Amino acid sequence: MVIAPFSHKLEPPRKSGRFNGVKFATLDESNEEGTAIIEAVKEATVKELGYFLKPSELFHAIAMKGNNQEDAHSQGEGHNFILPDLTHILKNIEQSTLGTDSADDFSNLFEDLDLTSSKLGNTERAKNELVAKVLIHLDQIDFNLSDTNADVLGDAYEYLIGEFASGAGKKAGEFYTPQPVSILLAKLVTRQNKNLKNVYDPTCGSGSLLLRVKREAAQDYKIKIYGQELNRTTYNLARMNMILHDVHYADFDIRQENTLEHPQHRDLRFDAIVANPPFSAHWHPSPLMMSDDRFSVYGKLAPATKADMAFVQHMIYQLADDGIMACVLPHGVLFRGAAEGHIRQYLIEQLNCLDAVIGLPANIFYGTSIPTCVLVFKKCRKNPDDILFIDASQHFEKVKTQNKLLPEHIDNIVKAYLNRTNTPKYSHVVSLADIKANDYNLNIPRYVDTFEAEDAIDLNAIAAQLTELEQASKSTDATIAAFCLELGIKPPFAIQGESV
């Protein structure tokens, strides 16, 4: 039920500077004075928020109508039926943006909301009752919209996305990066430069990763958000996520298209790039792509069944010279050969842009239990002669069936990246010469030794224990033999000095 929290955000200013003291929600839309005020507010609201709602379309007004148990105005059976009103309001929101700068950001924003779905109820009355209950309960929550530092509504929306993802199985990975992983990526790209002008995610999903970078960056520094998403429904989720987190429509640019085949921001360069691309996705590496500047310099294209390196090539192309990039990838990119091995070697040997390799625990993503890694890239590195390796694969907490990075685990990874020191069984700074000697294989255990030596075994002590056991066994045999003789039966084994 996206409509309920979203509607609460869609309330224009309660007062206009020209009409101080007049509450917008109480204006009469049927008289001339009320209409004049509404029109005056509309222009300012569209410019400020990007959309407009009339007083009768505000969240509280619709919630009150849905809660009207008595037919006070003798309207009959449908006196508190609000589904048609909601459908009409959603259309009005989009229409209010036509011809304005925010039109693209609101175009078909609600096309995936189906208020006629049988999942809401078997009858129209049942559907209406359920939607009305949700709106009534939400209307009682203080979303604290006047506090610019609070984001109750946006956080609630992101929480619901996360809860849905946790139960969505394999499909969840298509639109949501677990929050601890988002926090880790965001901290990695902001700790050395919080004054980011922009941030980009080429596979942005619901946009939560981009918003996390915004949260970690300097709050007094305006950052512009760019993203691209293939799935139409997920693209709409991302746009809603931006709006509900009070990102101005002019400060985000989310596009819907295939990033590898039809990049929408290829002329831009970004201070920070974060991504959790779909692992080992299939793509269509046409020979024509060898003339694409994103791929041509490498002389190879990623295999059709594994687009991981293609996403890396795309992001490196979009990265600013002084920018930083952190992306989550499957471990296979570290050691697979053929075209991927060639691309990996070019990234290290020719571009020298790989700054760190971080191994994450297995089973921290929804829908897959495979271990993953974070690769950190910079075009202008302060440490051009080495690459940092961090093995954080054993540092997690198990929560039900998932493994989870706790705040202390994230902080340890970030500190290790910033300090760039050798820590036994955790991190190691490796020279490019050593990596070349390993044929550019980046498999983390080659460089970070996490082997735990077993306790030494005292063979003399073991021999003494065996001797004691043998003597005890002989004593037991003798006791059993004595019992057998008393019973007048033959012992079931040979007695020392005799044969059975």
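How many of the 6 residues of S2 are buried? The tour below reaches that strand after a general view of the chain, which is a predicted model.

**The whole protein**

Begin with the full chain coloured by secondary structure. The protein contains 15 helices and 11 strands. Of its 500 residues, 47% count as buried. Switch on a surface representation: the accessible surface comes to about 25600 Å², and carbon and sulfur atoms account for 51% of that area. Among contacts with a separation of 6 or more, 72% are between residues 24 or more positions apart.

**The open sheet**

Next, select the strands of the open sheet. This sheet has 9 strands in the order S3-S2-S1-S4-S5-S7-S6-S8-S11, and the pairing is mixed. At its edges stand strand S3 (252-256) and strand S11 (427-431). Each of these two has a single partner strand, so one side of each is left without a neighbour in the sheet. From one strand to the next, the twist averages 15°. Strands of a sheet pair through backbone hydrogen bonds, in either a parallel or an antiparallel manner.

**Strands S1 and S2**

Now zoom in on strand S1 (residues 198-201) and strand S2 (residues 224-229). The two run parallel and are joined by 4 bridges. Select Val199 to find Ile225 of S2 standing opposite; then select Asp201, which stands opposite Gly227 in S2. The opening question can be answered here: 5 of the 6 residues of S2 are buried, so the strand is largely enclosed by the rest of the structure.

**Helices on the sheet**

Add helix H10 (residues 232-244) to the view. H10 lies across S2 and S3 and runs at about 170° to S3. Then add H11, which packs on the sheet and touches S1, strand S4 (270-275), S5 and strand S7 (372-378). The direction of H11 makes about 165° with that of S5.

**From H11 to a loop: Asp308 and Arg336**

Keep H11 displayed and show the side chains of Asp308 and Arg336. These meet in a salt bridge, at 2.9 Å from N to O. Asp308 lies in helix H11 (residues 308-318), whereas Arg336 lies in the loop between strand S5 (319-330) and helix H12 (338-349), so the pair ties together parts that are 28 residues apart in sequence. Are these two partners buried or exposed? Asp308 is buried, with a relative accessible area of 1%, and Arg336 also counts as buried, at 17%.

**Salt bridges within helices**

The count for the model comes to 15 salt bridges. For one that stays within a helix, select Lys127 and Glu124, whose closest N and O atoms are 2.9 Å apart. Both residues lie in helix H6 (residues 124-139), 3 residues apart, or about one turn of the helix. Lys127 is buried, with a relative accessible area of 7%, while Glu124 counts as partly exposed at 41%.

Move to Lys474 and Glu470, whose side chains meet in a salt bridge at 3.9 Å, N to O. The two are 4 residues apart in helix H15 and are therefore separated by about one helical turn. Lys474 is partly exposed, with a relative accessible area of 38%, and Glu470 counts as partly exposed at 48%. Selecting Asp355, Arg381, Asp386 and Arg420 together then displays one network, joined by salt bridges that share partners.

**A nonpolar surface patch**

Return to helix H15 (residues 459-486), in which Ile462 lies. Which residues form a nonpolar patch on the surface together with Ile462? They are Ile457, Leu459, Leu466 and Leu469. With Ile462, they have about 550 Å² of accessible area together. Ile462 itself is partly exposed, with a relative accessible area of 37%.

**Last stop: Asn363**

Finally, select Asn363, located in the loop between strand S6 (354-359) and S7. At 16% relative accessibility, Asn363 counts as buried, the cut-off being under 20%. Display the residues around Asn363. Apart from neighbours within four places in sequence, Asn363 is in contact with Thr368, Ser369, Ile370, Lys398, Thr401, Gln402 and Asn403.

Notes
Residues are numbered from 1 along each chain as its sequence is written. This is a predicted model: local features need pLDDT of at least 70, side-chain atom pairs count only at pLDDT 80 or more; totals for chains, interfaces and linings use all residues. Side-chain values use heavy atoms; hydrogens and water are left out. Patches are made of residues with over 30% relative accessible area and no salt bridge: like charges are joined within 9 Å, nonpolar side chains (Val, Leu, Ile, Met, Phe, Trp, Tyr) within 5 Å. Accessible areas come from the Shrake-Rupley method with a 1.4 Å probe; for residues, only the protein chains shown count as cover. A salt bridge is a side-chain nitrogen of Lys or Arg within 4 Å of a carboxyl oxygen of Asp or Glu. Buried means under 20% relative accessible area, exposed over 50%, partly exposed in between (1.4 Å probe, protein chains only). Two strands pair if DSSP finds at least two bridges between them. Axes are lines fitted to C-alpha atoms, for helices over the stretch in contact, and angles run from 0 to 180 degrees between N-to-C directions. Contact means heavy atoms within 4.5 Å.
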